[in-house]
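Open the model in your viewer and keep the selection tool at hand. Each stop below tells you what to select and what is there.

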Amino acid sequence: MKKVYGAYLCTGCGIGDVLDVEGLKDTASEAGVDMKEHACLCGADGRSFIEKDMSENGINTVIVCACSPRVMQENFQFGEQTITVRANLREQVAWIGERKEDGSIDDFLQEMGTDYVRMGIVRAKKAELPVPYQLETINKKILVMGGGLAGLTAAKEAAKAGYEVTLVEKEAQLGGKALGWRKMFPTAYPYAELEAPTIEQLIAEVQADSRITVKTETEVARIAGSPGQFNVTLKDAGHATEWDAPARVTVEEQDLIAKGEMEDPNKGFKKYTVLNPDGETFGAVVLATGWKPADVSQYEHLGHGSLTNVVTNAEFEKLAKNGKVPARVAFVQSPGGKDNDQDFPYCNSVTSMVTLKQANYVIEDNPVDGQAYILYQHMRTPGNAELFYKGMQAKDGVFMTKGSVTKVAAAGSGLAVTVEDTLLGDDLQIEVDMVVLAAGMVPTTASQAVINLAYRQGPAFMDLNLFDGYADSHFICFPYETRRTGVYACGGVRKAETMEETMDDATGAALKAIQCIESANRGVAVHPRSGDQTYPDFFFSRCTQCKRCTEECPFGALDDDEKGTPLPNPTRCRRCGTCMGACPERIINFADYSIDMIGSMVKSIEVPDDDEDKLRVIVFVCENDAYPALDMSGMHRNKMNKLVRFIPVRCLGSMNMVWIKDAMSSGMDGALLLGCRYGDDYQCHFVRGSEIATKRMENIGETLGSLGLEPERCAVREIAISDYDKVPAIIDEFVEEIIEMGPNPFKGF
Amino acid sequence: MSDTAGNGAVLVVGGGISGITAALEAAEVGKDVFLIEKNSYFGGRVAQLNQYFPKLCPPTCGLEINFKRIKDNRRIRTYTLTTVKSIAGEPGNFDVQLETAPRYINANCTACGDCIPACSEEIDDAYNFGMKKTKAVYLPHEMAFPRRFVLDKDACSAESLEAIQTACKYNAVDLGMQAKTFTVKVSSIIWSTGWNPYDAKKIANLKIESSPAVITNMMMERLAAENGPTQGKILRPGDHKEPESFAFVQCAGSRDENHLEYCSSVCCGATFKHISYIRNQYPEAKIYVFYIDLRTPGKYEKFRAKYMADANATFIKGKVADIVDERDGGVTVVAEDAVTGSKVHQKVDLCILATGMEPALGTTGKALGVTMDGNGFIVPEPEKGMMAAGCAKSAVDVYTSGQSSTAAALKAIQIGR
């Protein structure tokens, strides 16, 4: 496309009151673009003003110098074949300053405005229309791993939406743990009575559905490829094969293996890049491999493993399913000890509910002499589960008390349970036939990779230690987003859940799998840059195979090819640009976001080389959180330091350090990065962007030091989106430090 | 896409986190979605929260991403100040009549704020639960989406209205705006009508009306928020005292047959979050939590453990019987300690009632053919083309709302096939 440019200046919302309009227009024409002004570009009149000019002059690349790109998007859409770039003159210029006291234009503010116009024009010149990445063939089949309640539900619901599903289950029979349940929790108001399990019916529905292929006694050896074309090797359950997923090998380990100093852990396995010609192709994966009962034998005072008739909740359910349960049973909710009022590890409200359900078995099977003692620290029955709890409290034969269980011992033919700090005042000793411990539900991902990806970054989900091994997401508001695009977990593998919650969860995971397939089919990104048509483009002939991009990609989108060159998998990619930031050769770029584009924007900023009052600080800003905070600061009309220039970046992970060098070599005096909190409670939508950028900045500090520049001229600050009233002071503080250091000594060279 | 897109389109009623999620998840599969919200802005209850637990991160961060997804997605049509009037037809083919109340500010609004000084009337700021005033022409809050002002026309004098109209350079004030009724054709309906804080005035013994030292947990969110009535400083309403002691009354209305018989799920976690707010500002303040059970299961246990370890926080298992006004502006909380059996009289400067969630749809739902359980929660009926998501269905946290909204999106899509 031959680009024809047009710049449009809005003088409304105060822009024309505090900035010299003619000066801005001159700046644009110096940059080679004709700029026209209008009093209100976003209105119907303003929009037709632009459209008319576009059609008269054949303009297809528009620079709107007005409000923030976060607002009025629909007003400035001019069709899919038009590139629109926004220069933020309102929130980040006009609203942060004013005219001088004598009524004249503040040259500091005007210089901000002209720099933003220049940067907008450069951005427009460097931007290309994206051409979506299309897979040659797309497969819309969904693989569901695990044939328990979660997997069955996911398969059924996906099929109901019209998608083909293959369900693999390692056991001979479908149904998973739910097959062993005697009763289910109540699922409908008034939540009073336990219900007969519906698992058999669900199995029958799945087996009868022509869109679902069931493969029992089958496991996933490995999953290679990417969303839309996963290459999956299935195998007989429990057998090792050469197609089993290879272990992760780091770059350092790879070197050691090559030198013969380390044994290759993947000897005998097919290399992860080899696609299995006999593999099956799938579009997306639902992971529903469930949980295992937790081992509670480490609580010696409770006697599991050493005393007969001390059983776990899972063991008790089996007894109850197969016959009559004993008459006097104590249910222990918490491992106890004076200082510990937590539940057993890997518990959740489901385990409180299981206890109530099992207490009901006791009085049901022993109508005359049944006695169920529930010894708890906190009964966890949220929402409507409370109604069932209330009902159980009222039942004859059910006794509940808060208390700390300090000992379980053999007593005659039964067991004696000692409980302290009970609601009944005294310490208690209860004689029972059996003790049931409310053991937790350990996700299958806690000990094994399970998902068995044949990826450069290894077979498992990353950093699950943050979630105690659950295949969970870190995002409260985006529970399904993991670091492996196209794989969506549900059920016990990601949280100890009730059956009701599991069914919702599995239905949600099925939706996400479908959505990922349809997004890949359209060539667009999934969350959080949903709909983005760009993707990273590699100029491989200059690649040095340093592997930084493959190592740093938070989503494992990059593999290596036979020669060790990065092998992109665009449908795994979430478009954060971390690879672009990592690349020392600067060969990774997006159609509308590139090293050259941002570097040129930096260089387009005018740096006075002889005015000590006009130092310049470049600030790279995470567009997800820090940039909106700057906008809202402007909306509050907070004053902002006028020596700084903001450039939004997709994520701090996309920060290529060459931009810092560009800034310093063009005489700018400091560079600051504003990004999200990192660490265990990270807020980065791309997981590691701000953390990676901080590491890179530590390294660039050293480089600057070797050039004779103070490393402190470059820094990173963490900003939350809600810090809008704090951000001006954060910026001021940094600029003060720069002023103290004095101008960049290379200024003017 | 037009107002009569039909054929597989989904109507999502309620634009809080659940409705936004359901709408986006369906639209990003490729379905047409109408998302309506009765308020003047999207975001619902989470837009009023200062932080989420356990990460202690601002909810506006997730809302920002979701609003961006909405703005970037042409399959979603959004309508604020809009409610359902009637539903006709059957699953796969509903005609739903909607009504949009007048905002009196049209799409020309740039949110420049020039109208604010022209307006002479102030009204209670609903976003801040009336703890501060706002001008009668206002942006509901900083992050409000859509970023468009609202005019409370009835609150303004004729002179004021004229001044507001004159102050607007963009011809955005439309005093003649009328309620607009229109019909959409959809295949399925997702109800994500959310919750209201249970009205603490109904819990007579907790005395919210008799002392400014008694507030609700949602008011606490606003007090701790930088865009709240006190710029984020936790001060006692009325006299702006910096509290030296705090009491939390858990299950204020919840788990109580006279009020809400179910457990509201989130209030225990919210109280631990509030302890974190207090600790950031008052490292030495005394905190007393009166509870029945501390319901922070699963991944919330670590979060609770962190604040249980606080030497100046005391946790008393016992239901609060009474709250008594004190002359110094504080209150005394009266309860029985269920473990020791002793009566507790604890005087504090500020008392926070952990009020629960009441489903918001209310009786209008029944008139529209929605099935509701004995507590007013919606019973999903996919066979009738009616889904429910989030707290409209049961009292749950945001994470679980995300799950159920995503699930509801799939159930809706199945009908439209």
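Start with chain B of this predicted model. Its domain assignment gives domain 1, made of residues 10–101, 179–194 and 360–416, and domain 2, residues 199–356. Colour the two separately. Taken over C-alpha atoms, the centres of domain 1 and domain 2 of chain B are 31 Å apart. Where the two meet, eleven residues of domain 1 of chain B are in contact with 20 residues of domain 2 of chain B. On the domain 1 side, the touching residues are six nonpolar, four polar and one charged.

Next, show both chains and select the contact between them. Chain A contributes 66 residues and chain B contributes 62 residues. In chain B, helix 1 (17–27), helix 2 (59–71), helix 7 (300–308) and helix 9 (398–416) each supply at least two residues of the side that touches chain A. Which helix of chain B gives the largest share of that side? Select helix 9 of chain B, which supplies 13 residues. By type, the chain B side holds 25 nonpolar, 17 polar and 20 charged residues.

Before leaving chain B, select B:Phe145 and B:Pro146. The peptide bond that joins them is cis, with omega about 5°. B:Pro146 sits in the loop between strand 8 (137–138) and strand 9 (150–151) of chain B.

Now display chain A alone. Chain A has 18 helices and 30 strands, and its C-alpha atoms fill a box of roughly 95 × 65 × 60 Å along the principal axes. Of the 749 residues in chain A, 57% are buried.

Select strands 27, 28, 29 and 30 of chain A. They form an open sheet in the order 28-27-29-30, with parallel pairing. At the edges are strand 28 (644–649) and strand 30 of chain A, each pairing on one side only. Neighbouring strands of the sheet are turned by 20° against each other on average, direction ignored. Zoom in on strands 29 and 30 of chain A, which run parallel and are joined by five bridges. Within strand 30 of chain A, A:Cys714 is the bridge partner of A:Ala671. Helix 17 of chain A packs on the sheet and touches strands 29 and 30 of chain A; its direction makes about 160° with that of strand 30 of chain A.

Add helix 16 of chain A, residues 658–665. Why is this helix largely enclosed by the rest of the structure? Six of the eight residues of helix 16 of chain A are buried, so the helix is largely enclosed. The buried ones are A:Val658, A:Trp659, A:Ile660, A:Asp662, A:Ala663 and A:Met664. They pack against helix 14 (595–604), strand 27 (617–622), strand 29 (670–675), helix 17 (689–706) and strand 30 (714–718) of chain A. After helix 16 of chain A comes A:Gly667, with a positive phi near 90°.

The last stops are in loops of chain A. Select A:Tyr189 and A:Pro190: the peptide bond from one to the other is cis, with omega near 5°. A:Pro190 is in the loop between strand 6 (165–168) and helix 6 (199–208) of chain A.

Then select A:Met72, in the loop between strand 3 (61–66) and strand 4 (83–88) of chain A. A:Met72 is not a glycine, yet its phi is positive, near 55°. Is A:Met72 buried or exposed? A:Met72 counts as buried because it has 23 C-beta neighbours inside 10 Å, and the cut-off is 20 or more.

Finish at A:Glu217, in the loop between strand 7 (212–215) and strand 8 (218–226) of chain A. A:Glu217 has a positive phi of about 50°, although it is not a glycine. With 13 other C-beta atoms within 10 Å, A:Glu217 is partly exposed.

How values were computed. Residues numbered from 1 in each chain as written. Chains lettered and ligands numbered in written order. Predicted model: local features only at pLDDT ≥ 70, side-chain atom pairs only at ≥ 80, totals over all residues. Contact = placed C-beta atoms within 7 Å. Helix = DSSP H or I, 4+ residues; strand = E, 2+ residues; numbered from the N terminus. Nonpolar A, V, L, I, M, F, W, Y, C, P; charged D, E, K, R; others polar. Buried ≥ 20, exposed ≤ 12 C-beta atoms within 10 Å, placed from the backbone. Domains from an automatic or database assignment. Pairing = 2+ DSSP bridges. Axes fitted to C-alpha atoms, helices over the stretch in contact; angles between N-to-C directions.
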